[in-house]
Amino acid sequence: MSSVYGDIATSAIYQAMQGLWAEQQASANNIANVNTPDFKARDVNFESSLAQAIAAGDPSQMQVTTPESTAPADQNGNNVDLATEMVTSEKAGMQFQTMVDAMNAKFQLLSTAINGPSSAG
């Protein structure tokens, strides 16, 4: 693996964060355009690509795709479903925070391994 993150787990966490960030950005853009005539929402796909990249031993090979949503459009040609986008945004935000927590835990383990346990308290 040629990742600057040193190991597959750290690289996988980082790549998941990249995919989740893209999902949050797409959802925010979809929400911002909920009333724009003929606007077509974007979906974000990265999970299966990340799983394949991890299985191949190099999470950095993950691809994020943002195809146009195939959801039906309303009378003005817009296909943004506000409720779905709100759920998607919240879910991606919670998953992103989980990945941040995982990355922080990983760095804390490295710090403990290098410096020994902290003597707080």
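In this predicted model, the largest pocket encloses about 170 Å³ of space. Its lining is made up of 15 residues, and those that lie nearest the centre of the pocket are Arg42, Asp43, Thr84, Glu85 and Thr88. Sorted by class, the residues of this lining comprise four that are nonpolar, six that are polar and five that are charged.

Two helices deserve attention here, since helix 1, which spans residues 8-32, and helix 3, which spans residues 82-115, each supply at least two residues of the lining of the largest pocket. Of the lining, the largest share comes from helix 1, which provides four residues.

From the pocket one can turn to the way in which helix 1 packs against helix 3. The axes of these two helices are 9 Å apart, and the angle at which the helices pack is about 155 degrees. Because angles over 145 degrees count as roughly antiparallel, helix 1 is roughly antiparallel to helix 3. The crossing of helix 1 and helix 3 is left-handed, and the residues that form the contact between them fall into 15 nonpolar, eight polar and three charged.

Helix 1 also meets helix 2, which is formed by residues 47-55; the axes of helix 1 and helix 2 come within 10 Å and cross at roughly 165 degrees. Helix 1 and helix 2 are therefore also to be described as roughly antiparallel to each other, and helix 1 passes helix 2 in a right-handed crossing. On the side of helix 1, the contact is made by Ile8, Ala12, Gln15, Ala16 and Glu23, while helix 2 contributes Glu47, Leu50 and Ile54. Divided by class, the residues of this contact of helix 1 with helix 2 are five nonpolar, one polar and two charged.

Taken as a whole, then, helix 1 can serve as the reader's guide through the model: helix 1 gives four residues to the lining of the largest pocket, is roughly antiparallel to helix 3, and is roughly antiparallel to helix 2.

Terms used: Residues numbered from 1 in each chain as written. Predicted model: local features only at pLDDT ≥ 70, side-chain atom pairs only at ≥ 80, totals over all residues. Heavy atoms only, no water. 1 Å grid on protein atoms, 1.4 Å probe; cavity = no way out; pocket = protein on both sides within 12 Å on 5 of 7 lines; lining within 4 Å. Points joined across faces, edges and corners; volume = space filled by probe spheres on them. Nonpolar A, V, L, I, M, F, W, Y, C, P; charged D, E, K, R; others polar. Axes fitted to C-alpha atoms, helices over the stretch in contact; angles between N-to-C directions. Parallel < 35°, antiparallel > 145°, perpendicular 65-115°, else oblique. Left-handed = near helix turned anticlockwise from the far one by under 90°. Contact = heavy atoms within 4.5 Å.
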